[in-house]
Every structure is written in structure tokens, then in C-alpha cells.
Amino acid sequence: MNLRSLLAVWMGKGLVMATRVAGRGGTTLPGVVARKVAPDLLRHLSAQPQQGVIAVTGTNGKTTTAKMLSSVYEAAGHQVAHNRAGANLITGVTTAFLQASNWTGQVSQTAGLMEIDEATMPQACREIRPRAAVVTNFFRDQLDRYGELEHTVNFVGRGLEHLAKGGRAALNADDPNCSRLGERGGVNPLYSGIEDEDVGSLEMTQTADAKHCIRCGHPYEYRVFYYAHLGKYRCPKCGDERPRPEVYVDRIWDVDARGSSLHVVTPAGDFEARLQIPGLYNVYNALGAVAGAAAMGVDLKAIQQGLEATTSGFGRMELIRMKDRDVFMALVKNPAGFNSVIQTVMQAGARKNIV
């Protein structure tokens, strides 16, 4: 590491400490300043973890999927450099690696795990060169920043073109906009999806952002809907259809307000796991974490243990005990997420007070 990069590390880590003392969190400013001093700093820091870096992106579920992956890595005995605070722009990612490094710019963690904003993917992947990337789904979200959904998909697709040599993209097969990224040149896809049709519906019961074929524009026909436009789809006009997933859940049971039980199948074998986070959308988050971990070569036992150890993140169906009451706090940021949370809340048969 040259003197300029070392100076950036000192300034960045100093600002991390100062902003924390000031009660400001310190997730963005250190990265802003460090990048001005040494624009290549993130390349130097992110190249150090021996197991490489895995990126997590998509509209909904990034934070929860990354939290699951972090638990999986810990179960596998790895120390992880991770932007746990959720600062997922390029400055926040830089800050996360600054926090992971020592004062000489050495990163001791064996793996990197970064949640990355969709629009940041091209730049972040050029600098980090992840060994794998997980793409959760695509919904209309923050239109003031992204514009139409096509732009968001293209941002992520451009990022996937910069994965490390031999890197894999873990893609949601049940989302047409997500699965089509596997057709881009240079992308090596690993598809995941739900095969248990009993948990789905024959009719679309929520708002959808991908009703028409991405190839010819004809309306898709669905064998089953899981939520919104996620399901088993096929275009009757051109034949475009959902790719067969290599990582999938073929049985879901004991679904309640506290989680669900799953039977998961991967190319390396299968296992059962009990999720501590409720909702079908969290089954998708778990599938993304499994596919991402499989792409990185993590042992199945560690994947199972990591999934079962993961609890809700702040506000994401978080269970809070208040005297004699159980309070669930649910974060929603767009129509698809709101519908999914409502569906999950209504699955619980007991009387509920909703605020």
C-alpha cells in the first residue's frame, strides 16, 4: 500500500472514531474523505480477504439476505467484513472496509460481504470484483432515483459483468426481470426458486411489476404465483419461461408468525431448516443466501446452521417483547413489500392490534 493510500486509511479510520464519539454513526463520511485522498483505496482493501467478496443487491431483501449470509459465514468459521449498518452506496462500502482494516491498511477478515445499492453495482463491482453476487428481485422503488424498472435491471446487469473470473451470479428464477440477467454475456448464473406450489396461488393477488414477456411483450401465463409477479411463468407466444432452479425449496411447513420450516435442495445435497423470520418473502431471502453461499463453496452444514441462527434485523418483522405483549415491527418501502408484510401479518390467526 502506497503512502497516499495509507494516509487515506488513517484519515478514514480517524473519522470513523470521531463520528462515533459525536453520535453520528460514521458510515458515510469516512468513505467520502478516504476516496478523495486515494480513489483506488477500495480496490486495495477489498482484494485482501482470502475467500473473496460476495455482493448482495436487488430491490427488496438485501439487508436480510446479507444478514443470513453473515450468519452462514460465521457458522463456517469465517470472520466477515460486512457493511452491517446498511450503508450500501460506494462511500458506505468503502467505510465498511476501512472499519475492517487496521491502521496499516491490513484486512484480517477472511471474507467480504457487501450489501450494494442497485445503481451502485457497476462502480462497486468494478472496484471490488466480487467472487459472487446475489440478486434478490426487482420491483418499482425510488422512481425519483432510478426511473423505469428497466434502468434498475440494467444497472445490476452492468455490475455482474465485472465479477471476478469464474464468479457466479445467484439469481431469483421466479422473477422474470431477475432471471433474464443470466442471459447476459459473461454472466454465469446459479438460479434459485420455490417449487412447493401449495404455498402459492392460482391468481395474482398483489401488484406486479413484470406482467409481460421481456422478449416479446406478450402477457405471461403463470402456473402459480408466490407473491406479486414472482412465480412459475411462461410466455405462450415466444416460449420464454422460468429457468429451472438448481437451488430450491420443495416443501414449506409449520408457517406461523415466528417463521417457517423448509426443505432445501442444492447441487451439493439437501437439508431441512427452521427460519426464525416469518413470511414467504423471507423464504426467498433464505434461498438467495443459500445460492450465494453455494456459489462461494460454503459447506451445507454451515449454511443450515447459519439460516437457523438468523433473527430479524431492525424493523424487518422484528420481535420486541414489551411486558406481556409480543410486538412485531415491520419495515415497508414500496407496494410489493407492503403487500407481502400485510399477507404475512394476516397469516397469524390470533387477534391482532395493527398500528
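In this predicted model, D299 caps the N-terminal end of α11, placing a side-chain oxygen 2.9 Å from the backbone nitrogen of K301. The helix that is capped in this way spans residues 300–309, and the loop between α10 (280–295) and α11 also holds V298.

V298 itself is buried, since its relative accessible area is 13%, which lies under the 20% cut-off for that class. Leaving aside neighbours within four places in sequence, the residues in contact with V298 are V72, Y73, A76, A293 and I303. Of these contacts, the one with V72 joins residues that are 226 apart along the chain, with their C-alpha atoms separated by 8.2 Å.

I303, one of the contacts of V298, is also among the buried residues of α11, which are L300, A302, I303, Q304, G306 and L307. An α-helix has 3.6 residues a turn, so residues three or four places apart point the same way. The buried residues of α11 pack against two helices, α4 (62–75) and α10, and against the strands β10 (259–266) and β11 (269–275).

Turning to the cysteines, a search of the whole structure finds 0 disulfides. For C178, the closest cysteine sulfur belongs to C125 and lies 14 Å away, so the pair is too far apart for a bond; C178 is also buried, at 0% relative accessibility. C238 has the sulfur of C213 as its nearest cysteine sulfur, 3.5 Å away, yet is in no disulfide, because a disulfide requires the two sulfur atoms to be within 2.5 Å. C238 is partly exposed, with a relative accessible area of 39%.

Terms used. Residues are numbered from 1 along each chain as its sequence is written. This is a predicted model: local features need pLDDT of at least 70, side-chain atom pairs count only at pLDDT 80 or more; totals for chains, interfaces and linings use all residues. Side-chain values use heavy atoms; hydrogens and water are left out. Helices (H or I, at least four residues) and strands (E, at least two) are DSSP runs, numbered from the N terminus. Buried means under 20% relative accessible area, exposed over 50%, partly exposed in between (1.4 Å probe, protein chains only). Contact means heavy atoms within 4.5 Å. A polar contact is a pair of N or O atoms within 3.5 Å; within protein, one must be able to donate a hydrogen and the other to accept it, and residues adjacent in sequence count only if both atoms are side-chain atoms.
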